[in-house]
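I opened a new page for this one and wrote things down in the order I looked them up. Here are my notes, kept short.

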Amino acid sequence: VVTATFYNEWVFGDGVKVKGKEAEHCYVGPGKYTVELNIIDKRTGEVFMRQTNYEFELMDFEQA
């Protein structure tokens, strides 16, 4: 039996981390956030490879 030694972990820049190939997340408010998708080594718990990394700004808009 072959077991996977890695897993995907999303880091949303606000302290929330989610395991999985896909993830959904709602931010509590506006701000600048850095989102990362990392490949984690299950044996060490360390980042094996950073798959992607991007920054974005969530703005607060007032609606009429």
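**Entry 1: a loop residue.** I am working from a predicted model, and I began with Glu24. I found Glu24 in the loop that links strand S2 (17–19) to strand S3 (31–41). Is Glu24 buried or exposed? I looked up its relative accessible area and got 77%, so Glu24 counts as exposed, the cut-off being over 50%. I also checked Glu24 against Val35, which is 11 residues away along the chain, and their C-alpha atoms are 12 Å apart.

**Entry 2: strand S3.** From the loop I moved on to S3. How many of the 11 residues of S3 are buried? I noted eight, and I put S3 down as mostly covered.

**Entry 3: partners of S3.** Next I asked which strands pair with S3. Strand S1 (residues 6–11) pairs with S3 through six bridges, in the antiparallel sense. For a landmark in this pairing I wrote down Phe6, which stands opposite Asp41 of S3. Strand S4 (residues 47–58) also runs antiparallel to S3, and I recorded 10 bridges joining these two. Here my landmark is Ile39, whose bridge partner in S4 is Met49. A reminder to myself while viewing the side chains: in a regular strand they alternate between the two faces of the sheet.

**Entry 4: the turn.** What do S3 and S4 form together? They make a hairpin, with five residues lying between the two strands. In that turn I stopped at Gly45, since I wanted its backbone angle: phi is positive there, about 80°.

**Entry 5: the whole chain.** I then stepped back and listed the secondary structure, which comes to four strands and zero helices. In sequence order I read the pattern as β-β-β-β. Why do I call the chain more spread out than a compact globule? Its radius of gyration is 15 Å, well over the 11 Å that the globule rule gives for 64 residues, so the label follows. Along the principal axes, the C-alpha atoms fill a box of roughly 60 × 20 × 15 Å.

**Entry 6: surface, contacts and charge.** I looked up burial for the chain, and 22% of its 64 residues count as buried. The exposed area is about 5,400 Å², with 51% of it supplied by carbon and sulfur atoms. Taking contacts between residues at least 6 apart in sequence, I found that 39% join residues at least 24 apart. Last came charge: I noted 7 positive and 11 negative side chains, and the centres of the two sets are 12 Å apart.

Technical notes
Residues are numbered from 1 along each chain as its sequence is written. This is a predicted model: local features need pLDDT of at least 70, side-chain atom pairs count only at pLDDT 80 or more; totals for chains, interfaces and linings use all residues. Side-chain values use heavy atoms; hydrogens and water are left out. The radius of gyration is taken over C-alpha atoms; the globule rule is 2.2 Å times the number of residues to the power 0.38. Buried means under 20% relative accessible area, exposed over 50%, partly exposed in between (1.4 Å probe, protein chains only). Contact means heavy atoms within 4.5 Å. Accessible areas come from the Shrake-Rupley method with a 1.4 Å probe; for residues, only the protein chains shown count as cover. Lys and Arg count as positive and Asp and Glu as negative; His and the chain ends are not counted. The place of a charge is taken as NZ of Lys, CZ of Arg, CG of Asp or CD of Glu. Two strands pair if DSSP finds at least two bridges between them.
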